[in-house]
Amino acid sequence: MKKLNWPRHSVLIIAIVATWITTYVGYLTSFNMKIDNKMQEFILFLNPLSFLLFVYGIALFMKSAKRRNTYLISVSIVTSIVMFSNAVFYRFFNDFITLPVLFQTSNFGDLSSSITGNLHGTDVFFFADVIIIILAIKFIPPVEHVKNEGKMTRKLYFVMTAVVMMLNLSLAEAERPQLLTRSFDRELLVKNIGAYNYHIYDVILQSKSHAQRALADGSELVEVSNYINANYAEPDPEKFGIAKGRNIIAVSLESLQSFVINEEMNGEVITPFLNQLSADPDTFYFPEFYHQTGLGKTSDSEFILENSLYGINGGAVFFTNSGNTYESLSERLGENGYFTNVMHANGRSFWNRDIMYNALKIDQFYDVESYKIEEGEAVNWGMKDIPFVQQSVELMKDMPQPFYSRLITLTNHYPFDLDEEDMLIEPYDSNSKTLNKYFQAVRYMDEAIKVLFDELKESGLYDNSIIVMYGDHYGISENHNKAMGMYLDKEITPYDNAKLQRVPLYIHIPGYGKGEVVDEVSGQVDLRPTILHLMGIETKGDLQLGADIFSPEHEPLAIFRDGRFVTDKNVFVKDVCYDTETGEETDSAGCDSMVERIGTELNYSDMTIIGDLLRFKEKDLGQPLFEQNKAQ
Ligand code: GP9
Ligand code: MN
C-alpha cells in the first residue's frame with residue numbers, strides 16, 4: 001500500500017475538520033438543544049462527520065487540483081449556508097428548517113421578515129470554514145496526480161466513512177430507538193444524525209409523499225365517500241346537541257390503559273378520582289373503548305381524534321402529511337364560533353405539532369413557552385401534570401368563549417419516573433421496572449385530573465363545559481407480558497394483548513344527570529362525530545371513518561392500525577379469530593366476513609391521507625359531497 005500523499009490531501013483534511021468544527025460550534029452557539037448526558041454530547045460532536053467525509057471525499061475522484069479546490073470551497077459554502085439559514089430560522093421559529101415550511105406560501109411573510117430581522121454580526125462565523133479552506137489552498141502547494149495512487153486511498157477513505165456513519169447511527173439508535181421510523185422531532189434528528197443528514201432525510205420523506213400525492217385524483221374521493229356515506233350513523237336525537245354551546249375541554253391521558261381503572265394493586269386503589277367519576281351521573285364512561293394509534297403514538301391519537309381517520313402505517317402522519325388539507329374537529333368547531341387550541345408543556349416542534357396544527361386549523365398552541373416551570377415542577381419528560389393543569393385553567397380563564405381546549409398530559413410517560421413526594425402509592429413488585437413504576441405514575445395522573453376538576457369548578461368554567469378525557473395509547477408494551485400476566489394473574493395471550501389496548505374514555509357533562517356506563521366496542525376514530533353531535537353539529541357528508549358512539553346505528557367495532565380488530569363477538573389477531581367473551585379461539589367464520597372490510601377501511605384512510613384527497617372536496621365538485629353521492 002502506498003503512503004498517503006500527505007501534502008495533497010492536507011487541504012481535504014483541513015476542509016473536513018474546519019467544517020466539522022464550524023458546524024459543531026454552530027450547534028452549541030445557535031441552537032438551544034437539550035443535552036442530557038455525555039453520550040448525547042458525544043453524538044452531537046460526532047454527527048456532522050459522516051456526511052462531511054462523504055461529500056468532501058468526492059474530491060478524491062477529481063484529478064485536477066483546480067477542480068478539486070473549487071469543489072471543496074463550493075461544499076463549504078453550501079454547508080455554511082445550510083447552517084446559517086437554520087440558525088436564522090431557529091431564532092424566529094425555534095425549530096429547524098423542513099421542506100414543507102419553505103413551500104408553504106403563508107410562511108413567506110414570516111420567513112422574510114424573520115431573516116432580515118434576525119441577522120447577527122457573529123453569523124459571519126458560519127463561513128469561517130470557507131475562509132480557512134481558501135487560505136489552506138493558497139498556502140499549501142498543490143501536488144500533481146500520481147497514476148493509480150488514488151484507488152486504495154479512496155477505498156480506505158470510504159470504508160472509514162461508512163464506519164463513522166454506522167457508529168453514529170448505532171449510538172443514535174441506542175439513545176433513541178426507532179429514531180428514523182418514528183421521527184419524533186426535528187431537534188432529536190439533528191441531535192442524533194446531524195443537521196446535514198437530517199436535511200437529506202427530510203428531502204427523501206417529503207419527496208416520497210409528494211410523488212404519491214401527485215398521482216391521486218378526485219375520483220378516489222368519490223369512492224372513499226361512498227363507503228363513508230354507506231356507513232354513516234344517524235345521531236341519537238336524545239343526545240344530539242345536549243352540550244350545545246359549551247366549552248369543550250378534551251384531555252389526552254398519557255399512556256393510560258383501562259386495565260388499571262376500577263382496580264386495585266396490592267390492596268391500593270390506583271385511580272380513585274377516575275373511578276368515582278365513572279360512576280357519576282354526569283359521566284358517560286366507556287370501558288370498551290380502544291386506542292387505534294401506530295408509530296405516531298400521541299400524535300396519532302391527536303390525528304385520529306381531529307380527523308376520524310387512522311394514522312399511516314409505519315410512520316407519523318404528523319410528519320409525513322402535515323401539508324395536507326384536512327377537515328378537522330377544530331376546523332368544524334372554529335366554523336361554529338369556537339376558539340380552538342392545544343395546551344401541552346413541551347417544545348413546539350415535537351411531533352411536528354407546530355406545522356401540523358396549522359393544517360388542522362387549530363387557532364393557538366400553548367406550548368412550553370406559555371408555562372412557568374418552577375423548581376421541582378418538572379420530572380421525567382418535563383412539566384408535571386399538576387402544575388400543568390393548574391396553569392392551563394389559568395390560561396383558559398382569559399380565552400374567548402366558547403373554546404375547545406385540548407390538554408395533553410405528560411407525566412405518565414415511559415419510563416414513568418416520579419419525584420418521591422409524588423409517589424402516592426407503593427410500586428408494584430414484578431420483574432418489570434416499567435410496570436412497577438406505571439401504577440404510581442397513573443396514581444399521580446389521577447390526582448392531576450382531580451386537581452383539574454377542582455380548578456375548573458373554582459374558576460367558574462366547569463358548569464358551562466363538557467370534559468372529554470381519553471387514554472392516548474398503551475403505556476405497557478407486550479415486552480412486559482410476563483409482569484402483566486403476574487398482575488392480571490393469567491398467561492397473556494394474543495387475545496389479551498388486543499384487549500389490553502383498551503384505553504378509558506370519559507365524557508363528563510356537568511349537570512346532565514343521565515350518564516351511564518356504555519359498554520359498546522368503539523375506538524378513537526369515533527370521537528370526532530360523537531363530540532360534534534353532542535354539540536349539536538351535523539357531520540353528515542364529512543369525510544370521517546368513525547361513527548357517533550351514541551348512535552343506535554353505531555357498529556361495535558375497533559380497528560387497530562396493524563389490522564387487528566375487535567367487535568362485540570370476535571377479536572381477530574394475526575389470522576386467528578377469538579371469541580370476545582371467552583377469549584377462546586373460535587371458528588373463523590365470524591372474522592372472515594370482516595377481514596376484507598377492515599382492509600378496505602384502512603386502505604381508504606391511507607388513500608385519503610397519501611393522496612391528500614380532501615383538497616378535491618367541494619371546491620372541485622361544486623356541491624357538498626354527501627348530496628352529490630345521494631344523487632348518484
Ligand atoms: C410529547 C408527548 C409524548 O410531546 O406527546 O409523546 P409520545 O411519546 O407519547 O408519543
Ligand atoms: Mn403519549
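**Exercise 1.** In this predicted model, determine which residues coordinate the manganese ion (ligand 2).

*Solution.* The manganese ion (ligand 2) is held at 2.0 to 2.4 Å by E254 (OE), E254 (OE), T298 (OG1), D472 (OD) and H473 (NE2). Along the sequence, these donor residues follow the spacing E-x43-T-x173-D-H. E254 belongs to the loop between β1 (247–253) and β2 (264–265), and D472 to the loop between β11 (465–471) and α20 (481–488), so the pair ties together parts 218 residues apart in sequence.

**Exercise 2.** Classify the geometry of the site of the manganese ion (ligand 2).

*Solution.* The site has six donor atoms, with angles of 57 to 167 degrees among them. Ideal octahedral angles for six donors are 90 or 180 degrees. To count as octahedral, opposite donors must be over 155 degrees apart and all others between 65 and 115. The site of the manganese ion (ligand 2) is therefore classed as irregular.

**Exercise 3.** Decide whether E254 and D472 are buried or exposed.

*Solution.* Buried means under 20% relative accessible area. E254 has 1% relative accessibility and therefore counts as buried. D472, at 0%, is buried as well.

**Exercise 4.** Describe the surroundings of ligand 1.

*Solution.* Of the 13 residues around ligand 1, those that come nearest are T298, H344, N346, R353 and H413. The shell divides into four nonpolar, five polar and four charged residues. Next come the polar contacts. An oxygen atom of ligand 1 lies 2.6 Å from a polar side-chain atom of T298. For H344, the distance from a side-chain N or O atom to an oxygen atom of ligand 1 is 2.6 Å; for H473, the corresponding distance is 3.1 Å. Of the 300 Å² of accessible area that ligand 1 has on its own, the protein covers 99%.

Notes: Residues are numbered from 1 along each chain as its sequence is written. Chains are lettered from A and ligands numbered from 1 in the order in which they are written. This is a predicted model: local features need pLDDT of at least 70, side-chain atom pairs count only at pLDDT 80 or more; totals for chains, interfaces and linings use all residues. Side-chain values use heavy atoms; hydrogens and water are left out. Donors are N, O and S atoms within 2.8 Å of the metal (3.2 Å for Na, K and Ca); water is not among the atoms, so sites may look incomplete. Four donors count as tetrahedral if all angles lie between 85 and 135 degrees; four count as square planar and six as octahedral if opposite donors are over 155 degrees apart and all others between 65 and 115; anything else is irregular. Helices (H or I, at least four residues) and strands (E, at least two) are DSSP runs, numbered from the N terminus. Buried means under 20% relative accessible area, exposed over 50%, partly exposed in between (1.4 Å probe, protein chains only). A residue is near a molecule or strand if one of its heavy atoms lies within 4 Å of it. A polar contact is a pair of N or O atoms within 3.5 Å; within protein, one must be able to donate a hydrogen and the other to accept it, and residues adjacent in sequence count only if both atoms are side-chain atoms. Accessible areas come from the Shrake-Rupley method with a 1.4 Å probe; for residues, only the protein chains shown count as cover. Ala, Val, Leu, Ile, Met, Phe, Trp, Tyr, Cys and Pro count as nonpolar, Asp, Glu, Lys and Arg as charged, and the others, Gly among them, as polar.
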